[in-house]
Protein chains: 2
Amino acid sequence: MQNYLSKKEEDYSKWYNELVVKAGLAENSGVKGCMVVKPYGYAIWEKIQAELDKRFKDTGHVNAYFPIFIPKSHMNKEAKHVDGFAKECAVVTHYRLKNDENGNLVVDENAKLEEELIVRPTSETIIWDTYRKWIQSYRDLPILINQWANVVRWEMRTRFFLRTTEFLWQEGHTAHATREEAIEEAKTILDLYSDFVQDFMAIPVIKGIKTDSERFAGADETFCIEALMQDGKALQAGTSHFLGQNFAKAFDVKFSDEKGDTNFVWATSWGVSTRLMGALIMTHSDNKGLVLPPKLAPLQVVIIPIYRDAKELKEISNRVEEIKKSIDAKGISVRYDDNDNKKPGWKFNEYELKGVPVRISIGMKELKENTVELVRRDTLVKEVISQDILSEKIEITLEDMQFDLLKKAEEFRAKNTVEVNSYEEFKEVLKQKGGFISAHWDGTSHTEEAIKKETQASIRCILLDSKQEEGKCIYSGEPSNRRVIFAKAY
Amino acid sequence: MQNYLSKKEEDYSKWYNELVVKAGLAENSGVKGCMVVKPYGYAIWEKIQAELDKRFKDTGHVNAYFPIFIPKSHMNKEAKHVDGFAKECAVVTHYRLKNDENGNLVVDENAKLEEELIVRPTSETIIWDTYRKWIQSYRDLPILINQWANVVRWEMRTRFFLRTTEFLWQEGHTAHATREEAIEEAKTILDLYSDFVQDFMAIPVIKGIKTDSERFAGADETFCIEALMQDGKALQAGTSHFLGQNFAKAFDVKFSDEKGDTNFVWATSWGVSTRLMGALIMTHSDNKGLVLPPKLAPLQVVIIPIYRDAKELKEISNRVEEIKKSIDAKGISVRYDDNDNKKPGWKFNEYELKGVPVRISIGMKELKENTVELVRRDTLVKEVISQDILSEKIEITLEDMQFDLLKKAEEFRAKNTVEVNSYEEFKEVLKQKGGFISAHWDGTSHTEEAIKKETQASIRCILLDSKQEEGKCIYSGEPSNRRVIFAKAY
């Protein structure tokens with residue numbers, strides 16, 4: 001029996017959760033707040049990883065691995081950082097269990113750690129404690145390191161991919177001789193993220209700077225990319241932080257420059273996570289399930305035979321073998337699903353649920369006419385295609401689909417980005433459709449918080465390419481010289 | 001200033017530790033027992049990962065990701081498993097830190113977990129708790145899943161790569177309808193490991209079965225591959241476990257077969273870890289540093305210019321540009337090191353330390369004569385080669401070196417594998433040179449432990465292809481019908 005999804009127009013959140021589970025992306029585990037990333041979900045994540053990793057390496061970065069544990073004292077060295085992370089961290093206090101007199105498994109109090117260890121929520125502290133040993137001279141700089149890792153932040157309310165206690169991510173940590181070079185690195189990575197998310201995931205993003213209150217704990221400046229989901233809420237898809245000399249000072253990391261003068265080192269850190277999976281789902285998918293951009297789809301083409309008996313199946317299978325070869329030869333991933341236990345209709349639904357970009361079906365009629373039926377996942381439009389040109393047609397269809405998904409998402413975002421000039425207008429737009437709202441703001445945290453409290457909308461960013469424009473803060477009426485982007489956010 | 005290594009003949013352990021640090025593979029971190037895997041070490045691990053991952057996928061396995069935390073109650077469900085792992089695990093007891101009245105960062109006792117969480121030492125329990133939800137019918141089987149992850153086992157005495165509190169590994173966890181299929185899977189993976197380690201890492205291994213006392217906690221049978229290190233000690237390089245129905249019973253995982261009968265599921269698990277890095281180092285390296293099999297080397301060829309002034313460097317560099325292109329074109333990784341701050345001699349030492357398989361040097365004489373000097377890392381023999389055939393020569397040299405390293409290691413192992421027929425002989429061999437010792441054993445844990453206590457040698461395995469042979473246990477004199485392999489081990 002096949003399970004259908006809830007309608008996203010009726011309950012977006014329910015639709016999302018059902019889609020994640022039914023499409024085989026992830027499910028809840030026996031550990032509160034932690035999910036199991038299932039094989040199909042992980043295969044998509046592997047594609048994200050592989051492409052990002054390539055782009056990191058092409059820009060001169062190398063991978064390394066730092067310990068999962070952070071001694072409590074390390075955590076305490078950067079004041080803002082500890083405030084940001086100490087309240088939501090998993091603390092290891094003991095290193096042994098034992099059986100008590102009743103045979104119950106209990107913590108062994110004789111195996112208490114002298115200093116508690118934190119399961120890393122992010123690795124700035126352990127990494128800068130290490131960089132101190134690596135950096136003496138300007139010749140040791142820059143250090144351009146990335147790490148693929150799991151991190152833990154104790155979340156009370158969790159949602160698949162968007163907010164989980166443990167999540168997977170990459171975290172870059174770089175060290176530089178000058179402020180300018182570090183800022184340049186943070187921006188280079190922001191562009192890398194933005195290009196990747198748009199070109200590969202077909203998700204359009206805006207690039208901007210976070211306000212003081214939304215900045216990473218320990219950063220001087222946080223650059224971000226923000227995407228707009230189908231329900232009108234924003235999602236922060238990646239961040240790149242200019243850390244100034246904050247961690248260098250906290251961990252005493254200095255270098256001697258060419259003149260022999262000693263200075264603190266400049267830093268950046270940047271990351272994207274399995275959160276991108278959430279962005280992917282909420283940008284493209286529909287009531288039939290996932291819609292995957294072809295570049296990201298673990299399986300790009302599925303071929304389904306339509307037959308009445310074993311003899312027909314045999315005939316079709318023989319033909320499909322050749323067809324499959326021609327598709328394989330183009331480097332396109334293809335599966336022939338001749339499972340006899342499921343009806344074609346069941347399979348159609350299943351592969352729509354899983355977001356396979358192109359479905360080919362072939363029965364006796366098509367066999368005779370030397371054609372196949374081709375259906376694109378995003379449009380669900382059926383086309384009859386000659387077998388002679390099929391592999392070329394598929395190649396073009398995948399390219400078209402990749403392009404069209406981005407275009408569609410861009411159009412959606414354009415339609416859902418509005419400028420407002422009063423608080424009433426602001427609240428009305430939020431109520432009607434949400435989206436990105438461009439508005440004047442007086443630059444104070446006080447106003448930012450008041451608006452957030454009253455409307456749940458936060459400042460997503462100050463656009464990097466925002467123009468100077470005289471205006472009045474929609475909340476306080478105080479003068480403002482540029483607009484910022486508000487939205488309700490995940 | 002360059003640091004030279006200790007001699008391995010004088011202090012093997014010291015040589016090993018120095019090599020790991022100086023070649024840039026790893027270093028100690030601020031967290032006891034945890035190491036930092038540095039970029040060069042990690043690049044080698046990435047090559048190991050990529051090749052293994054390909055082989056897993058080629059044999060029908062898929063990747064997934066399960067939570068890092070295991071609830072204490074899960075851990076307690078399989079009796080032998082808990083005995084094996086509960087005594088050396090990191091226990092998370094709290095989920096928040098706070099500042100006390102003196103401003104010190106302390107554990108917040110109001111944030112105590114109801115049930116403690118174990119940082120996974122291995123994932124059988126959390127995975128079988130999940131498999132229960134995935135498996136109802138024989139149609140859901142087999143499940144062939146692998147996970148790349150970090151795990152934690154609280155070790156008191158640690159050594160780089162060989163034994164660290166946190167380490168990186170892959171762990172496969174498969175579920176099957178029959179006992180035979182599960183055993184077949186465990187053996188298939190053992191062969192996969194063995195082929196990979198021999199073909200790719202140039203490390204010869206023996207394949208065998210562990211005795212009762214050396215078996216994985218929770219397994220019915222542990223298959224292993226064992227390698228012999230240069231100092232005559234054995235190293236367990238990988239294990240593949242037939243878990244019987246132990247975890248299925250502990251977590252109540254049943255399936256209905258084709259007839260509708262309900263049965264417990266059969267299981268395997270298998271893993272290799274960053275320990276392989278230790279095996280790599282201790283199989284091939286010498287007093288000048290690492291020796292890397294070409295297939296595993298992040299950098300395969302380095303080109304070093306020999307020059308007196310900028311004019312000469314320019315001339316050489318122009319020529320090298322072309323040479324480099326021809327090497328690149330063969331898919332061989334090559335770097336031209338024209339760093340003007342280091343002398344050629346320094347560079348020679350540095351790349352020998354790092355184990356780069358082929359070094360090319362080129363000066364004005366070579367430029368004039370259209371030659372280069374080529375040095376193979378393992379033999380350090382110098383050859384003068386015409387530039388016209390250089391890329392082909394390099395290609396052949398890399399292949400030769402890959403082959404020769406395995407051959408050399410095989411010869412070493414052959415020379416250090418002996419049959420003994422008395423306990424005196426046994427102790428004498430152990431004292432003289434160590435190595436693999438083939439001897440008769442009465443099959444009891446009592447004898448095995450007595451020998452281990454008296455000599456530190458343990459039974460590494462019972463060879464899979466061991467022949468039946470009547471004999472007497474070297475320790476007890478009791479009858480034995482096959483030899484087993486003893487060694488001191490890492």
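Which residues of α10(B) are buried? In this predicted model, the buried residues of that helix are B:Lys347, B:Phe348, B:Glu350, B:Tyr351, B:Glu352 and B:Leu353. They pack against four elements of chain B, namely α1 (12–22), β17 (301–305), β18 (334–336) and β19. After α10(B) comes B:Gly355, a residue with a positive phi, near 75°.

The same helix also takes part in the lining of a cavity. A search of the whole structure gives five cavities of 30 Å³ or more, and the volume of the largest cavity is about 60 Å³. Its lining consists of B:Val302, B:Phe348, B:Tyr351, B:Glu352, B:Val356, B:Val358, B:Arg359, B:Val375, B:Arg376, B:Arg377 and B:Leu380. Three elements of chain B, α10 (344–353), β19 (358–362) and β20 (371–376), each contribute at least two residues to this lining. The greatest contribution is that of α10(B), with three residues. When the lining of the largest cavity is sorted by class, seven residues are nonpolar, four are charged and none is polar. B:Phe348, B:Tyr351 and B:Glu352 appear in the lining and are also buried residues of α10(B).

The arrangement of the two chains was examined next. Chain A is superposed on chain B by a rotation of 180° with 0.0 Å of shift along its axis, and the RMSD is 0.0 Å. This is the relation of a two-fold axis. Within chain A, A:Val92 has the C-alpha nearest the axis, at 2.1 Å from it. Both copies use the same surface, since 100% of the contact residues of chain A recur in chain B.

Aromatic rings form a further set of contacts. Over all chains, the count comes to 38 aromatic pairs. In one of these, A:Tyr423 and A:Tyr475 have ring centres 5.1 Å apart and planes at 90°, so the pair is edge-to-face. The two residues belong to distant parts of the chain: A:Tyr423 is in helix α13 (residues 423–432) of chain A, whereas A:Tyr475 is in the loop between β25 (471–472) and β26 (479–480) of chain A, 52 residues apart. A:Tyr423 counts as buried because its relative accessibility is 9%, below the limit of 20%. A:Tyr475, by contrast, has a relative accessibility of 30% and therefore counts as partly exposed.

A second edge-to-face pair is formed by B:Tyr193 and B:Trp270, with 6.4 Å from centre to centre and 70° between the planes. B:Tyr193 lies in helix α6 (residues 179–199) of chain B and B:Trp270 in strand β16 (residues 266–273) of chain B, so this pair ties together parts that are 77 residues apart in sequence. Both B:Tyr193 and B:Trp270 are buried. In chain A, ring pairs join A:Trp45, A:Phe56, A:Trp148, A:Tyr193 and A:Trp270 into a cluster.

A final example concerns a single residue, A:Val320, located in helix α9 (residues 310–328) of chain A. Its relative accessible area is 1%, and A:Val320 is therefore buried. Leaving aside residues up to four places away in sequence, A:Val320 touches A:Ile303, A:Tyr336 and A:Ile362. A:Val320 and A:Val381 are separated by 61 residues in sequence, and the distance between them in space is 22 Å, C-alpha to C-alpha.

Technical notes: Residues are numbered from 1 along each chain as its sequence is written. Chains are lettered from A and ligands numbered from 1 in the order in which they are written. This is a predicted model: local features need pLDDT of at least 70, side-chain atom pairs count only at pLDDT 80 or more; totals for chains, interfaces and linings use all residues. Side-chain values use heavy atoms; hydrogens and water are left out. On a 1 Å grid over the protein atoms alone, a cavity is a set of points where a 1.4 Å probe fits but cannot get out, and a pocket is an open set with protein on both sides within 12 Å along at least five of seven lines; lining residues have an atom within 4 Å of a point. Grid points are joined across faces, edges and corners, and a volume is the space filled by probe spheres set on the points. Ala, Val, Leu, Ile, Met, Phe, Trp, Tyr, Cys and Pro count as nonpolar, Asp, Glu, Lys and Arg as charged, and the others, Gly among them, as polar. Copies are superposed by least squares on the C-alpha atoms of residues with pLDDT of at least 70 in both. Contact means heavy atoms within 4.5 Å. Rings of Phe, Tyr and Trp (its six-membered ring) pair if their centres lie within 6.5 Å; planes under 30 degrees apart count as stacked, over 60 as edge-to-face and the rest as tilted. Buried means under 20% relative accessible area, exposed over 50%, partly exposed in between (1.4 Å probe, protein chains only).
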